[in-house]
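Student: I would like to go through this model with you, one question at a time. Please show it first.

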Amino acid sequence: MNQKILKLENLLRFHTVFRQLHSLGQRRMLAQWNHVFSSAYPVWTAQLCIRPWQTDPLIGAALSQYRLLVTKKEERSQKSQLFSTKSKKEVEVWIGMTIEELARAMKKDVDHVYEALMNTAIDIDSLEAHSHLDEVWIKEVVKKAGMKLKWSKLKQDKVRENKDAVRRPQADPALLTPRSPVVTIMGHVDHGKTTLLDQLRKTQVAAMEAGGITQHIGAFLVSLPSGEKITFLDTPGHAAFSAMRARGAQVTDIVVLVVAADDGVMKQTVESIQHAKDAQVPVVLAINKCDKAEADPEKVKKELLAYDVVCEDYGGDVQAVHISALTGDNLMALAEATIALAEMLELKADPTGPVEGTVIESFTDKGRGPVTTAIIQRGTLRKGSILVAGKSWAKVRLMFDENGKTIHEACPSMPVGIVGWRDLPSAGDEILEVESEPRARAVVDWRKYEREQEKNKEDLKIIEEKRKEHQEAHQKAREKYGNMHWKQRSFLKYQEKKEQKHLKSKEKEEGDSHILPIIIKGDVDGSVEAIVNIMDTYDASHECKLELVHFGVGDVSENDINLAETFRGVIYGFNVNAGNVIQKSAAKKGVKIKLHKIIYHLIEDLQEELSSRLPCTVEEYPIGEASILATFSITEGKKKVPVAGCRVQKGQLEKQKKFKLIRNGDVIWKGSLTSLKHHKDDVSVIKTGMDCGLSLSEEKIEFKVGDEIVCYEEKEVPAKTSWDPGF
């Protein structure tokens, strides 16, 4: 910089001298010039030594501005040199972060991440802003952005305080008080479980049930004439409700196994026995329908021996009571057997402190909102209590018994309906009382967070598997194109992409008709759970893919209609309603709503809908059969045409229909006839017993004596799904 300034100073000095000399020449006074040159020489020399910017203000200002500019320019160049030597910008990343999180960490737009991932093995079309990225792709994006990685601890591993609610430690035995037994009635469908409960309650529950079968789990408190109280759970016996039966066994003290004396041990009987064993619950055997002439109670006891249910008559510890639920015979003996077993178990509970219980069933009521049926197992539930169950919480606004009567408190072993839930909990969820609403929200938030982390881990596993698949495919592609010239490689890739695009469009067209999206709506959570469990048994995806778009509790809503319209799906409702407005909206949008009261009718309807999505199968229907008695050939122009002399053995041959040639049981040709003659006349039909000559559309086929000609027609027959739900 100093050298540049010195050069400029010299130039300005010479310019000043030149200007002074020019002004002196203008005066044309040689004498005065000489005088000035001789006498004032020291002064002139001194003037030459004076810096020009000190004598000329304009030049000084210009030079100071130039100095400032040069200084700033050099400072900038020095800063840029220092910046280039510094490290790149660091980006804090972690394994499994989403595209949106990576863009935010880089302070870039989401599109920047998509652009960086172009021309890589990853499928960009399948990525969303919330999609998780693998380590390889995170490195790739950061590298292309010219930044430096800084790995942080895994986001999902960051410590977060566990705010979950848990059951209390076991109570002091001195605080425990006797409680009523909780008894679950289990058994095969239509063996009389609900009729038995009707007799105990003196009600007519069975008469109100659709199809005469129980499709919900019911909880009832029964007072016996002796003054004892028993809480009964009536579980469905239908094959579809296995999860309900299992839940009933888990919350019960005693299982009453109902077996029909005229029917014996059936499939759901065996399943009920297994549920009781899994829950380690004692069993009381009720052999029902003993009033029938064909009843054989001893046969039932012998059949149960194969499943380790040994009655007292055979040296075991299982009480067996012969009853008739229809007539009410011997029901008191069954109640006494249950009470005796309960006394042996010494059932007690702690009625103090925070409430603990289990959700038996949950549903949405139009006037009350989310409602649950629960069994209280510890503590005493009162109005205003704050409860947590699963990922929902409640402030109890109302409690009622099985008859709908309002109650003010519920003790252990007591079934109770609870109103006040913010969201609908799932059947089987554990109910815990907490001290306040903020505490309840914290518990629910923690549980949602835990579920989210579990889902993230599952997603990461899937991402890792996909990444390996992409890597393997990429490696194979490199090996395939490795030794090719770039022009040949580009041409082959173009051809493959073109073919893939055609196949994808073809698959999409075919796939739309081979996919059945469905929406399930049920009256209670347990019913929806049962239907969804049946969906899990679907094993005919190779025929038609079954997609469960949404399921929930409550009547069919406008949101369900919109969802079904978007996915071109069908809405199935179980014990729910669809109002006139909803049905009109569905008809306008072309959405099917199918409502059912009986679960196996719903499944049969679903099977029919699946079958309607399948392509029709073509079946052959024979019209007539003929045997070849002789072969010969005729000349047509320059060609020799083979002709078969036949006799119709069965039905008739129609020239316009299709034919097939059978030799030794094998079909060797299918097609149409070019000619059909009776003697020398062309005919269209040859009936049974008549002789004819015929030639085929394919001249290369040779006839042999003894071959069979079959005339048939093809008809399209609707296909039927191979899915068997098991009932």
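Tutor: The questions below take up sheets, helices and two serines.
This is a predicted model, in which local features need pLDDT of at least 70, side-chain atom pairs count only at pLDDT 80 or more, and totals for chains, interfaces and linings use all residues. Residues are numbered from 1 along each chain as its sequence is written, and side-chain values use heavy atoms, with hydrogens and water left out.

Student: Which strands stand at the edges of the open sheet of four strands, and why is one side of each left without a neighbour?
Tutor: Helices (H or I, at least four residues) and strands (E, at least two) are DSSP runs, numbered from the N terminus. Two strands pair if DSSP finds at least two bridges between them. The order is β20-β19-β21-β22, with parallel pairing. Each edge strand has a single partner, so one side stays without a neighbour in the sheet; these strands are β20 (545-553) and β22 (592-596).

Student: Which residue in β20 is the bridge partner of I515?
Tutor: Look at strand β19 (residues 515-522), which runs parallel to β20. Eight bridges join the two. In β20, the partner of I515 is K545.

Student: Which strands does helix α17 touch?
Tutor: Contact means heavy atoms within 4.5 Å. Helix α17 (residues 558-567) packs on the sheet, and its direction makes about 170° with that of β19. Axes are lines fitted to C-alpha atoms, for helices over the stretch in contact, and angles run from 0 to 180 degrees between N-to-C directions. The strands touched by α17 are β19, β20, β21 and β22.

Student: How many residues of the contact of α16 with α19 are nonpolar?
Tutor: The axes of α16 and helix α19 (residues 599-612) come within 12 Å and cross at roughly 35°. From α16, A530, I531, I534 and M535 meet I599, L602, I603 and L606 of α19. Ala, Val, Leu, Ile, Met, Phe, Trp, Tyr, Cys and Pro count as nonpolar, Asp, Glu, Lys and Arg as charged, and the others, Gly among them, as polar. No residue of this contact is polar and none is charged; the nonpolar count is eight.

Student: Is S611 buried or exposed?
Tutor: S611 is found in helix α19. Its side chain reaches the backbone oxygen of Q607 at 2.9 Å, and S611 touches A719, K720 and T721, not counting residues up to four places away in sequence. Buried means under 20% relative accessible area, exposed over 50%, partly exposed in between (1.4 Å probe, protein chains only). At a relative accessible area of 13%, S611 is therefore buried.

Student: Where does the side chain of S272 find a backbone oxygen?
Tutor: S272 lies in helix α11 (residues 267-278). Its relative accessibility is 1%, so S272 counts as buried. A polar atom of its side chain lies 2.8 Å from the backbone oxygen of Q268.

Student: How many residues of strand β12 are buried?
Tutor: Strand β12 (residues 369-378) pairs in the antiparallel sense with strand β11 (residues 356-365), over nine bridges. These two form a hairpin with three residues between them. β12 also pairs in the antiparallel sense with strand β17 (residues 415-421), over five bridges. β12 is mostly covered, and its buried residues number nine of 10.

Student: Which residue in β17 stands opposite I375?
Tutor: Take both pairings of β12 in turn. On the β11 pairing, V359 stands opposite A374 in β12. On the β17 pairing, I375 stands opposite P415.

Conventions. Polar contact = N/O pair within 3.5 Å; in protein donor to acceptor, adjacent residues only side chain to side chain.
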